[in-house]
Amino acid sequence: DIKLLGANLYNDLERVVLQDHAVIQTLKEDLLLSGAAGSLLSGSGSAVYGIFEDPKTAQEADFSLLKKESWDVFLTETIDSLAQLFPEEMLDYPLS
């Protein structure tokens with residue numbers, strides 16, 4: 001359930017970072033206002049992301065955020081397995 005996931009996103013680092021970087025809170029709020037079920041600072045603090053229930057809402061948020069600020073915005077989607085990204089012969093390649 002995406003809504004439940006969004007409501008339970010948590011990062012200890014975020015609380016500290018937001019004290020010194022208000023723009024991150026602004027971005028999080030913009031994601032939520034654009035329809036994200038949740039938004040969070042990534043584990044290392046290098047990015048802020050939003051999770052969306054449907055691709056159309058995510059695309060609209062992507063377009064809106066690109067127009068609004070000078071942030072780098074990337075629209076991505078979850079995959080089920082590496083097979084969706086790599087040809088089968090690459091997945092069977094020996095690593096040693």
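Gly45 is partly exposed, since its relative accessible area is 31%. Buried here means under 20% relative accessible area, exposed means over 50%, and partly exposed is what falls in between (1.4 Å probe, protein chains only). You'll find Gly45 in the loop between β1 and β2. Its C-alpha atom is separated by 9.3 Å from that of Asn11, even though the two residues are 34 residues apart along the chain.

A quick word on what you're looking at: this is a predicted model, where local features need pLDDT of at least 70, side-chain atom pairs count only at pLDDT 80 or more, and totals for chains, interfaces and linings use all residues. Residues are numbered from 1 along each chain as its sequence is written, and side-chain values use heavy atoms, with hydrogens and water left out.

**The overall layout**

The protein chain has five helices and two strands. Helices (H or I, at least four residues) and strands (E, at least two) are DSSP runs, numbered from the N terminus. Go along the sequence and you meet them in the pattern α-α-α-β-β-α-α. Of the chain's 96 residues, 24% count as buried.

How confident is the predictor? It scores each residue from 0 to 100, and that score is the pLDDT. The mean pLDDT of the protein chain is 86, with 90% of its residues at 70 or more. Among the elements, strand β1 (residues 38-41) has the highest mean, 96, and helix α5 (residues 88-91) the lowest, 63. Where pLDDT is low, the predicted coordinates should not be read in detail.

Contact means heavy atoms within 4.5 Å. If you take the contacts with a separation of 6 or more, 44% of them are between residues 24 or more positions apart.

**Around Asn11 and Leu41**

Back to Asn11, which lies in the loop between α1 (2-7) and α2 (12-20). Asn11 counts as buried because its relative accessible area is 12%. Leaving aside neighbours within four places in sequence, Asn11 is in contact with Leu40, Leu41, Ser42 and Gly43.

Leu41 sits in strand β1, and with a relative accessible area of 1%, Leu41 is buried. What does Leu41 touch, not counting residues up to four places away in sequence? The list is Asn11, Leu13, Glu14, Val17, Ile24, Ala47, Val48 and Tyr49.

Some C-alpha to C-alpha distances between residues that are separated along the chain are worth looking up in the structure:

| Pair | Apart in sequence | C-alpha distance |
|---|---|---|
| Asn11 and Ser44 | 33 residues | 9.4 Å |
| Leu41 and Arg15 | 26 residues | 9.5 Å |
| Ala61 and Asp30 | 31 residues | 8.6 Å |

**The nonpolar core**

A nonpolar core is a set of buried Ala, Val, Leu, Ile, Met, Phe, Trp, Tyr and Cys residues joined through side-chain atoms within 4.5 Å. The largest one has eight residues: Leu27, Leu31, Ala36, Phe52, Ala58, Ala61, Leu65 and Trp71. Helices α3 (22-33) and α4 (55-68) each supply at least two of these residues, and α4 gives the most, with three.

Ala61 is in helix α4 and counts as buried because its relative accessibility is 3%. Apart from its neighbours within four places in sequence, Ala61 is in contact with Ser34 and Phe52. Phe52 also shows up for Ala36, whose contacts, with the same neighbours left aside, are Leu31, Gly50, Ile51 and Phe52.

Asp30 belongs to helix α3. Is Asp30 buried or exposed? At 9% relative accessibility, Asp30 is buried. Not counting residues up to four places away in sequence, Asp30 touches Leu65, Lys68 and Trp71.

**The largest pocket**

Rolling a probe the size of a water molecule over the atoms shows where empty space is left. On a 1 Å grid over the protein atoms alone, a pocket is an open set of points where a 1.4 Å probe fits, with protein on both sides within 12 Å along at least five of seven lines; lining residues have an atom within 4 Å of a point.

The largest pocket has a volume of about 910 Å³, a volume being the space filled by probe spheres set on the points. It is lined by 29 residues, and Tyr49, Gly50, Phe52, Phe74 and Thr76 lie nearest its centre. Elements giving two or more residues to the lining are α3, β2 (48-51) and α4. Which of them gives the most? That is α4, with six residues.

By type, the lining divides into 18 nonpolar, six polar and five charged residues. Here Ala, Val, Leu, Ile, Met, Phe, Trp, Tyr, Cys and Pro count as nonpolar, Asp, Glu, Lys and Arg as charged, and the others, Gly among them, as polar.

Conventions. pLDDT is the predictor's confidence in each residue, from 0 to 100.
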